[in-house]
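Dear colleague,

I am handing over a structure to you with this email, and below it you will find my notes on the empty spaces in it. Please keep the structure open beside the text as you read.

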Amino acid sequence: MTRTLRAVQVSGRGAPDPLELMALLRGALTSSGDALMPVAASAAPRDGLTVPRSVAVVIETSGSTDAPKRVMLSTDALLAGAAASSDALGGPGQWLLALPTHYIAGLQVLVRSIRCRDNAGGAGARAL
């Protein structure tokens with residue numbers, strides 16, 4: 001089984017607020033929405049792609065050792081990372097989004113926030 005991969009421009013004019021992106025991400029994690037591919041404003045998003053049903057997010061690597069590659073991440077993998085952070089810190093914590101969400105580090109802040117029901121910086125998150 002497959003599902004639609006939705007490219008979401010997460011920076012620049014017209015980008016969703018981080019809280020709106022969290023809602024889209026929650027849908028991707030629960031399989032009630034499309035899988036997401038967050039992209040920077042300079043990237044050319046492609047629509048009409050599909051991914052296996054277990055994939056929640058497709059994220060592009062930084063390309064530090066070669067050309068950037070797109071990596072498919074399952075819901076299980078993303079939530080396992082969030083659980084590991086919670087275990088290492090002794091609780092869910094509260095998260096501040098200070099990294100671009102087209103990188104895994106920024107996106108994982110949102111995943112951890114969804115898991116612990118935090119809003120990743122609240123109303124001020126748009127300014128970051």
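The largest cavity is lined by Ala82, Ser85, Ser86, Gly91, Pro92, Trp95, Arg112, Arg115 and Cys116, and two elements, helix 2 (75-89) and helix 3 (104-116), each give two or more residues to this lining. Please bear in mind that the model is a predicted one. Sorted by class, the residues around the largest cavity are four nonpolar, three polar and two charged. The volume of this cavity is about 40 Å³, and the structure holds one cavity of 30 Å³ or more.

One residue of that lining, Arg112, deserves a careful look. Arg112 is part of helix 3, and if residues up to four places away in sequence are not counted, Arg112 touches Ala82, Ser85 and Trp95. Is Arg112 buried or exposed? Arg112 has a relative accessibility of 14%, and because buried means under 20%, Arg112 counts as buried.

There is also a pocket that you may wish to find in the viewer. The second largest pocket has a volume of about 150 Å³, and its lining is made up of Pro38, Val39, Ala40, Ala43, Glu60, Thr61, Ser62, Pro68, Arg70, His102 and Tyr103. By class, the lining of the second largest pocket holds six nonpolar residues, together with three polar and two charged ones.

With best wishes

Key
Residues numbered from 1 in each chain as written. Predicted model: local features only at pLDDT ≥ 70, side-chain atom pairs only at ≥ 80, totals over all residues. Heavy atoms only, no water. 1 Å grid on protein atoms, 1.4 Å probe; cavity = no way out; pocket = protein on both sides within 12 Å on 5 of 7 lines; lining within 4 Å. Points joined across faces, edges and corners; volume = space filled by probe spheres on them. Nonpolar A, V, L, I, M, F, W, Y, C, P; charged D, E, K, R; others polar. Helix = DSSP H or I, 4+ residues; strand = E, 2+ residues; numbered from the N terminus. Buried < 20%, exposed > 50% of the residue type's maximum accessible area, 1.4 Å probe, protein only. Contact = heavy atoms within 4.5 Å.
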